[in-house]
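Got your viewer open? Let's take a walk through this one, a stop at a time.

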Amino acid sequence: MPKNILIVDDYLVVRTGISIILEAHFKNVNLFTAENFPDTIDFIKDNKVELIILDINIPGGKNKEMIKEIKELQPNAKILIFSSYDEDTFAHEYVIAGANGYLNKLSDEGMIILAVETILKTGNYYTTDIMNAIINKKSANPLDKLSKREFEISELLIEG
């Protein structure tokens, strides 16, 4: 039975590129795409997915809260965060929130395939750095000390 994978990113080139990589390597998958979080929620309400490749910064997105909303609708869906944000700073927070893996967008084709393969086979993809951060329970993210509103403001400042 084919596995359904949903690729969520606001950039067409990213959705297309990931689709091309996955289509070339995996023969038994159905690929779907969404460009924002509301479309993602609408899709998973009506369609079972085994894996969601999810960008952190998408229109309508809610940072780590997106994971909770997705898991409420599809508890068995695996979530691979695919972000341009640095793994050392952000990954373990998303994993603690319930993501099944984290991959930086600078990863090469082999790493993308490995991450997807690993999640589909074992349920998780964690690098050594992510595991060490979780085990040591130390926050690599200095923004963790900010309140939710202070964090939102810092994101708006970054966006300009």
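We'll begin with the whole chain, then move inside, and finish at a couple of single residues.

**Stop 1: the whole thing.** Keep in mind that this is a predicted model. Show the cartoon and colour by secondary structure: you should find seven helices and five strands. Trace the chain from its start and the pattern reads β-α-β-α-β-α-β-α-β-α-α-α. The radius of gyration is 15 Å, close to the 15 Å that the globule rule gives for 160 residues, so the protein is as compact as a globular protein of that length. Turn it around and the C-alpha trace spans about 45 × 30 × 30 Å along its principal axes.

**Stop 2: the outside.** Switch on the surface. About 8800 Å² is exposed, and carbon and sulfur atoms supply 55% of that. Now colour the charges: there are 17 positive and 25 negative side chains, with the centres of the two sets 6 Å apart.

**Stop 3: the inside.** Hide the surface again. Of the 160 residues, 44% are buried. Among contacts with a separation of 6 or more, 66% link residues 24 or more positions apart.

Select I52, L54 and I81 next. These have the most contacts inside the largest nonpolar core, which has 26 residues. To see where that core draws its residues from, highlight β1 (3-8), α2 (37-46), β3 (51-54), α3 (65-73), β4 (78-83) and α4 (87-96), each of which gives two or more. A separate core of 19 residues lies apart from this one; pick out I21, I53, I112 and I119, which are among its members.

Which residues does I81 touch, leaving aside its neighbours within four places in sequence? Show the side chains of L54, I56, I67, Y94, A99, G101, Y102 and L103: I81 is in contact with each of them.

**Stop 4: T33.** Go to strand β2 (residues 29-34), where T33 sits. Is T33 buried, exposed or something in between? Its relative accessible area is 44%, so T33 counts as partly exposed. Beyond the neighbours within four places in sequence, T33 is in contact with L6, I7, R15 and S19. For a sense of distance, draw a line from its C-alpha to that of V116: the two residues are 83 apart in sequence and 16 Å apart in space.

**Stop 5: N63.** Last, select the loop between β3 and α3, where you'll find N63. Check its backbone: phi of N63 is near 50 degrees, a positive value in a residue other than glycine.

Note on methods:
Residues numbered from 1 in each chain as written. Predicted model: local features only at pLDDT ≥ 70, side-chain atom pairs only at ≥ 80, totals over all residues. Heavy atoms only, no water. Helix = DSSP H or I, 4+ residues; strand = E, 2+ residues; numbered from the N terminus. Buried < 20%, exposed > 50% of the residue type's maximum accessible area, 1.4 Å probe, protein only. Contact = heavy atoms within 4.5 Å. Core = buried A, V, L, I, M, F, W, Y, C linked by side-chain atoms within 4.5 Å. Rg over C-alpha atoms; globule rule 2.2 N^0.38 Å. Areas by Shrake-Rupley, 256 points an atom, 1.4 Å probe, with all protein chains shown as cover. Lys, Arg positive; Asp, Glu negative; His and termini not counted. Charge placed at Lys NZ, Arg CZ, Asp CG, Glu CD.
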